[in-house]
2 protein chains.
Amino acid sequence: MLYLSNDDVDALLDMTGCIESFEHAYRAAFDGSAINGRRSDMITATTRDDNAVYSLKMVGGVVPGSQIGAVRINSDILSFPTDEGRTRKVKVPAAPGGRWVGLIMLFSSETGEPLAILPDGVLQRMRVGATSGLAIRYLARAEASTVAILGSGWQASAQAMAAAAVRPLSEIRIFSPNHDNARAFAGDVERRLELPAKAFQSPEDAVLGADIVLCATNSLQAVFKEEWVKPGIHIGSIRDGEIDPGALLKADNIVVHDPGNMGSDHLVVAKGLDHKEGRKEVNSDPRLAAIASAPSLAALVGGAASARRSADEITCFLNFHGLGYQFAAAGAALLARARAAGRGHQLPADWFTQNVHS
Amino acid sequence: MLYLSNDDVDALLDMTGCIESFEHAYRAAFDGSAINGRRSDMITATTRDDNAVYSLKMVGGVVPGSQIGAVRINSDILSFPTDEGRTRKVKVPAAPGGRWVGLIMLFSSETGEPLAILPDGVLQRMRVGATSGLAIRYLARAEASTVAILGSGWQASAQAMAAAAVRPLSEIRIFSPNHDNARAFAGDVERRLELPAKAFQSPEDAVLGADIVLCATNSLQAVFKEEWVKPGIHIGSIRDGEIDPGALLKADNIVVHDPGNMGSDHLVVAKGLDHKEGRKEVNSDPRLAAIASAPSLAALVGGAASARRSADEITCFLNFHGLGYQFAAAGAALLARARAAGRGHQLPADWFTQNVHS
């Protein structure tokens, strides 16, 4: 039973390895051997703050070809501050030391034994990036070389890494409402990816001439506008609402991460907190109905949905919500590397198994 | 972050404390403040054995009044041996050292932080017993003094403890197909509960004259027969199929643990394993339809379903499947005692929280 830190994950798991592990897992999911459990989000009161709620989430999945099952647990205090009439959802770092709580446990599908426990932050960022990267592999033009990133945060950098892992990039163009952040991010991208990166003062300028546009923001308002759509572009989004519905309507080929994962069946909300539920991110545009019937990334990878068909096709990938088997797939890759590198702390294995069964 | 062993749980958590914690939790569930997540069972192939499958289960729940959220994970290799034409489901102790894997994690609903991790075996047995005990408190005659237990295994002893915790017992009557097991169990019950306990050669003899009959077997065939039903009896069962459907039809007042928990929506089975799914315990009797509309234990505790109405009423409690908030409730009681007693191993808290969020 191995404990791995976020630093371990950062040192061990690279974007290319993560994308490869996902390609295998999506193919296995398409053929029905890899599966996701039903995810569940539980929302209750917390006495911490009248305007906050407690959120306990679980997702799980198994990739038997990699001999790994995974469960991810998030335990968050959510608050809902209102700024200038708009309500944001904020994860409060309420754990001791001002910290957050997300954990992944990996299990052997051969013996049942727990193999590892780790915080989810670094792997989660890598997961979101690798998912976008896998979609780019199938949907962007083969010669796509210019990427625009809208956003400069935690997720944006993984999006840049993912695009660079699957296409021969020559330039990364960045826009963030905070130009200093955009410039710092550009410098970081240049160093990490050894690619020219430039911060722009307006999103239009960043998007202009880009073959691929990746939205990676915290915005609940559309950041990619309808008028920026042009033939041959690939547009990606990691959050419902980032892309203007008008732009979505112009797309020839939309793929979603998993249509079965886009509803709200997973949500169980304690009585009296229904008003908080209404504040979660939901794209209420009626055109979402069409998107819900779009093919999944598993169908795309498995060959049942069309990859890019022409140089002019407008493609779009909506990368919403994690899937349990992603944590199993990335976890298997991570574990192999941790063992090879001798990284992580061993916990007493007997602590996490037992001589009785229930 | 506390690690507790099964020995710690055994030393710390008593049946009376567990029943009290449940009574509070069911009341909170009835008023809507405590909730269960959607449970999920994932079944895939395992290369261990062609006739075996891998099963990864997750359940979760939150009792905000106790400031605890809980997730329980079971990671099992299941095999399906056939003896004399009948197929049994066996949990294979496939983890190193011939061990099984079930874990509970407890989280603070005030800070989100993980508070404890522990194997689930001892708590699970206590949980099943305490659930039956809570039902006995509401459904058995107040002066019930004689209990028959059908079964002599791991769960049977918790059923005896539970009945003794809520009724002034004078005698425990035991039947098991293996009489040596029944006698050993009787001796154990006498020592533990300081009550007369007797092993019988036939189930009829054990049941004869008992005010309460508790079935706690691994049998997939009915062990409690229709002709043993008599006025005023309370019948309990921990497994679908233990009670003859004819006996269920004679009951005046049936309460189930949670009707929402009795379907198979939670089951996700990898392609090609459907034949294994068919082998799980399912009561296919058409009369199950009526049982599925029976009130829940939460409704009983909350006052929306009738407790015993007369000395002659025939009552029945079907204690199938765990509920996530039970692990939170028992976990809160356990944690309070572990802290008071200074038991368990402290793990580095920072390992299980993080300075990033996802």
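In this predicted model, A:I43 stands opposite A:V269 of strand β17(A). That pairing is a good place to start, as it belongs to a parallel arrangement in which β3(A) and β17(A), the latter spanning residues 267-269 of chain A, are joined over three bridges. β3(A) also has a second partner: with β4(A) it pairs in the antiparallel sense, here over six bridges. Within this second pairing, A:A45 finds its bridge partner in A:V53 of β4(A). The two strands β3(A) and β4(A) make up a hairpin, with six residues lying between them. As for its surroundings, β3(A) is mostly covered, six of its six residues being buried.

Turning to the domains, the assignment for chain A gives domain 1 as residues 2-123 + 323-348 and domain 2 as residues 128-262 + 281-318. Taken over C-alpha atoms, the centres of these two domains of chain A are separated by 23 Å. Contact between them involves 13 residues of domain 1 of chain A and 18 residues of domain 2 of chain A. On the domain 1 side, helix α2 of chain A (residues 15-31) provides the largest share, with eleven residues. By character, the residues on this side of domain 1 comprise eight nonpolar, two polar and three charged.

The contact between the chains draws 68 residues from chain A and 69 residues from chain B. Several elements of chain A each supply at least two residues to the side that touches chain B, among them the hairpin strands β3 (40-45) and β4 (52-63), as well as β5 (68-79) and helix α3 (121-139). On this side of chain A, 29 residues are nonpolar, 28 are polar and eleven are charged.

Helix α5 of chain A rounds off the picture. Covering residues 179-193, this helix has 15 residues and reaches 20 Å from its first C-alpha to its last, close to the 21 Å expected at 1.5 Å a residue. Its buried residues are A:A182, A:F185, A:A186 and A:V189. Because these residues cover an arc of only 105° around the axis, they fall on the same side of α5(A). The buried residues of α5(A) pack against three elements of chain A, namely α4 (154-166), β12 (171-175) and β13 (197-200). On the other side of α5(A), by contrast, A:D180, A:G187 and A:R191 are exposed. Just after the helix α5(A), A:E194 adopts a positive phi of about 55°.

Key
Residues are numbered from 1 along each chain as its sequence is written. Chains are lettered from A and ligands numbered from 1 in the order in which they are written. This is a predicted model: local features need pLDDT of at least 70, side-chain atom pairs count only at pLDDT 80 or more; totals for chains, interfaces and linings use all residues. Helices (H or I, at least four residues) and strands (E, at least two) are DSSP runs, numbered from the N terminus. The expected span of a helix is 1.5 Å times one less than its number of residues. A residue is buried if 20 or more other C-beta atoms lie within 10 Å of its own, exposed if 12 or fewer, and partly exposed in between; C-beta atoms are placed from the backbone. The arc is that of the directions from the helix axis to the C-beta atoms. Two residues are in contact if their C-beta atoms, placed from the backbone, lie within 7 Å. Domain bounds come from an automatic or database domain assignment. Ala, Val, Leu, Ile, Met, Phe, Trp, Tyr, Cys and Pro count as nonpolar, Asp, Glu, Lys and Arg as charged, and the others, Gly among them, as polar. Two strands pair if DSSP finds at least two bridges between them.
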